[in-house]
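Open the model in your viewer and keep the selection tool at hand. The stops below go element by element.

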Amino acid sequence: MSEHILFLTGKLAEKQLRRILEQIQPEFSYTVHQLGIKVAALMTTDMIARRLTDTFNADRIIVPGRCRGDIDKLSTDLSVPVERGPDELKDLPQYFGKAAHKVDISQYTVKVFAEIVDAPFVSIETILQRASYYRDNGADVIDIGCLPGTPFPHMEETIQALKQAGFLVSVDSLTSDDLLKGGKAGADYLLSLHESSLWIADEVDAIPVIIPETHEDLDSLYRSIEALQAHNRPFIVDPILDPIHFGFTASIVRYHEVRNRFPAIEMMLGVGNITELTHADTLGMNTLLLGICSELDINHILTTEVSKHACRAIKEADLARRIMYAAKQQDRLPKHIDNGLMALHETAPFPYSADEVKELAEQITDPSFRIQTSPDGIHIFNRDGMHTAQDPFDLYPKLDVASDGGHAFYLGVELARAQIAWQLGKRFTQDEPLQWGCAVDLKENTVDLHQFKPAGSTLQK
């Protein structure tokens, strides 16, 4: 016997909901019940509890995605499981398909080393603050960067302070004295040893990250690997990732060669040489680089947030490693797993066509303005009609709000959001901030739908 689902909706959405369900041709049977309100998004669990007198023998009840209130309590009160559907009706097919499956992105294998490149010039207090920020964004190891020919008198004290605060610490230097001093002070990792400085690994407990003796000298790297393997010492290998136009492609090939020769060793990729030294949005770079890590089983990356355009590099790498891990575990493409790496564009920016927006506009009988976008542009409508433009300034003369400053301000904000969304190909939802993935920390990152939504951005009178 097939499942029977009760869909609760409002007057304006009822016709469209029925049409979409007919198009889906679901295996389950269903009932569409209009709850006596105009806008489905304004539905609350308290309202449902008051108005729903018949559950139509449903095995499950689906309410609008923006329905506020305690769904679990409503399920108990109605003795029927209740769940929120998608925010947009047009997303119902995906909701009931494979794409709706919630992928677990809590797991990962890649450790993020976040470097503080100017540590010799920074106070211990500031280093601790920066380390906490990096850890909050996903860093696993705080890398203390030493500078050539620059005194670092508080290095040991810095390492000890970080260790006491619960951080894993690496020291980043090509100077033997710095590395030896850092290892003896309690650093967990040393970046970087090569064939001539490999003796330091015998003096300290820190795990060495080894690089070629000279750039591109893989033979020296192989000798270091074999020497450490002979002594059964843990180590990490970094063949060195070069910037674009300065050996980038050849360096990727080196990583591949090292992995083929030593299938089981631990490796590191210094992604900062790409994210810092390329003036492009770092989201895509981190995604691709973590994809390379996933394919080559590289479980450590070194990244930085020095350039202003790379200010989210750690957070992006953290999410990218999780998405790649999930995709690899499920033997699938890194698609439809999490939208956090899609800041500028979306897979389905325009749920409704201009004709569908027009059809909805014809049902409106009140003076409140609704704003939607479609491939044709920005649409604003109320009972007096619909106007469409690609520039909000073209709409202002038609809205008759010159004498209402508060209303004009509100519409200006919403129309500006709509224009940005339309231009970039992003999803626009009136009264909601645009979603920028992990590129932005929104004040309301995760909406608690247990809570009834406070007044939105409309000026309160």
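**Stop 1: strand 1.** This is a predicted model. Select residues 4-9, which make up strand 1. Six of the six residues of this strand are buried, so strand 1 is largely enclosed by the rest of the structure. Which residues lie on each side of strand 1? His4, Leu6 and Leu8 are on one side, Ile5, Phe7 and Thr9 are on the other, and both faces are covered. In a regular strand, side chains alternate between the two faces of the sheet.

**Stop 2: the neighbours of strand 1.** Add residues 29-34, which are strand 2. Strands 1 and 2 run parallel and are joined by six bridges. To find the register, show His4 and look across to Ser29 in strand 2, which stands opposite. Now add strand 3, residues 60-63, which pairs with strand 1 in the parallel sense over three bridges. Here Leu6 has Ile61 of strand 3 as its bridge partner.

**Stop 3: the open sheet.** Extend the selection to strand 4, residues 82-84. What is the order of the strands in this open sheet? The four strands are arranged 2-1-3-4, with parallel pairing. Strand 2 and strand 4 are the edge strands, each pairing on one side only. From one strand to the next, the twist averages 25 degrees.

Next, show helix 1, residues 11-24, which packs on the sheet and touches strand 1 and strand 2. The direction of helix 1 makes about 170 degrees with that of strand 2. Helix 3, residues 71-78, also packs on the sheet, where it touches strand 3 and strand 4. Its direction and that of strand 4 make an angle of about 150 degrees. Return to strand 1, helix 1 and strand 2 and display them together: they make a right-handed β-α-β unit.

**Stop 4: the barrel.** Select strands 5 to 12. Eight strands close into a barrel in the order 5-6-7-8-9-10-11-12, and the pairing is parallel. For a sample of the pairing, zoom to strand 10 and strand 11 (residues 266-270), which run parallel and are joined by two bridges. Val237 stands opposite Met267 in strand 11.

Add helix 6, residues 155-164, which packs on this sheet and touches strand 6 (141-145) and strand 7 (168-172). The angle between the direction of helix 6 and that of strand 7 is about 155 degrees. Then show helix 7, residues 176-184, in contact with strand 7 and strand 8 (189-193). Helix 7 makes about 165 degrees with strand 8 in direction.

**Stop 5: helix 8.** Select residues 218-230 and compare the C-alpha atoms at the two ends. At 1.5 Å a residue, the 13 residues of helix 8 should span 18 Å, and the end C-alpha atoms are 18 Å apart, which agrees. Colour its buried residues: Leu218, Ser220, Leu221, Tyr222, Ser224, Ile225 and Leu228. An α-helix has 3.6 residues a turn, so residues three or four places apart point the same way. What do the buried residues of helix 8 pack against? Their partners are strand 9 (207-210), strand 10 (236-237) and helix 9 (248-261). After helix 8 comes Asn232, with a positive phi near 55 degrees.

**Stop 6: the whole chain.** Zoom out. The chain has 15 helices and 15 strands, and its C-alpha trace spans about 80 × 60 × 40 Å along the principal axes. Of its 461 residues, 48% count as buried. The accessible surface comes to about 23300 Å², with 52% belonging to carbon and sulfur atoms.

Technical notes
Residues are numbered from 1 along each chain as its sequence is written. This is a predicted model: local features need pLDDT of at least 70, side-chain atom pairs count only at pLDDT 80 or more; totals for chains, interfaces and linings use all residues. Side-chain values use heavy atoms; hydrogens and water are left out. The expected span of a helix is 1.5 Å times one less than its number of residues. Buried means under 20% relative accessible area, exposed over 50%, partly exposed in between (1.4 Å probe, protein chains only). Contact means heavy atoms within 4.5 Å. Two strands pair if DSSP finds at least two bridges between them. Axes are lines fitted to C-alpha atoms, for helices over the stretch in contact, and angles run from 0 to 180 degrees between N-to-C directions. Accessible areas come from the Shrake-Rupley method with a 1.4 Å probe; for residues, only the protein chains shown count as cover. A crossover is right-handed if, with the strands pointing away from the viewer, the path from the first strand over the helix to the second runs clockwise.
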